Amino acid sequence: MTKGIGQISEVKQWRPFQYQGETYHLDHLDAHFVEYKFDLDDPQRHYEVIVTYSFHCFAKDCDHYSDDQRQDLMYQAPKESRPFHFERYEYSKNLREIIERLHVSDDVIVGYAGYDNYAVFTYESESGVQQQYKIAFNVFREHKKLRMHITSAYRNENPVDPKKVKVNFEAILKSVRLNKERPKPRGYK
């Protein structure tokens, strides 16, 4: 539900995608609030965050599409268009739960992705093979509120060891709330 979110610069509600008589609902990627409580007894360590998702979480241009396929799969977002991507769509169904549990989950790593961007690295087993997924995001203030925008989510074909670039998630939220420089791992300038 997007009630109470107010004016934001991204899509608040995604419209479904229609393809060959099937409807692919995208309401799991609608804007929502998450309250991260790092210490239940300390309100200074509670962060209410508006979370939004880019259409890169379910769309991707692929070289192997013919012109006709590309046209049939085209998803028109407000700022640009890309073909609907079924693998990304299936994975996107897990995004909300992953994002809502970032502060308590032991099976994800938050890492630095360069500039003011971060990434969540998760692992899932597909047919006995461990797959790394990367969820790229940015955290910033918009209209005096904390906002996290998920810019993309995909299976990482060239996985790096995210432990080398690990960043404390609470430190990211705190620095944005206080308008301070965002944390970077040692060695980054």
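**Strand 4**

I began with strand 4, residues 46–53. I found 7 of its 8 residues buried, so the rest of the structure largely encloses this strand. I note that the model is predicted.

Next I looked up its partners. Strand 3, residues 32–37, runs antiparallel to strand 4, and 6 bridges join the two. Within that pairing I located F33 opposite I50 of strand 4. Strand 10, residues 145–155, runs parallel to strand 4, with 5 bridges between them. There I picked out V51, whose bridge partner in strand 10 is M148.

**Core**

Which residues have the most contacts inside the largest nonpolar core? I listed W14, Y36, F58, F137 and M148. The core itself has 48 residues. M148 thus turned up again, here in the core list and earlier as the partner of V51.

I then followed Y36. Leaving out residues up to four places away in sequence, I found that Y36 touches R45, H46, Y47, V49, I99, E100, L102, H103, M148, F169 and L173.

**Pocket**

I turned to the largest pocket and read a volume of about 220 Å³. I counted 13 lining residues; L102, V108, V110, K166 and F169 lie nearest the centre. Two of these, L102 and F169, I had already met as contacts of Y36.

Which element gives the largest share of the lining? I found that strand 7 does, with 3 residues. Strand 7 (108–114) and helix 4 (169–177) each supply at least two lining residues. By class, I logged 7 nonpolar, 3 polar and 3 charged residues in the lining.

Notes:
Residues numbered from 1 in each chain as written. Predicted model: local features only at pLDDT ≥ 70, side-chain atom pairs only at ≥ 80, totals over all residues. Heavy atoms only, no water. Buried < 20%, exposed > 50% of the residue type's maximum accessible area, 1.4 Å probe, protein only. Helix = DSSP H or I, 4+ residues; strand = E, 2+ residues; numbered from the N terminus. Pairing = 2+ DSSP bridges. Core = buried A, V, L, I, M, F, W, Y, C linked by side-chain atoms within 4.5 Å. Contact = heavy atoms within 4.5 Å. 1 Å grid on protein atoms, 1.4 Å probe; cavity = no way out; pocket = protein on both sides within 12 Å on 5 of 7 lines; lining within 4 Å. Points joined across faces, edges and corners; volume = space filled by probe spheres on them. Nonpolar A, V, L, I, M, F, W, Y, C, P; charged D, E, K, R; others polar.
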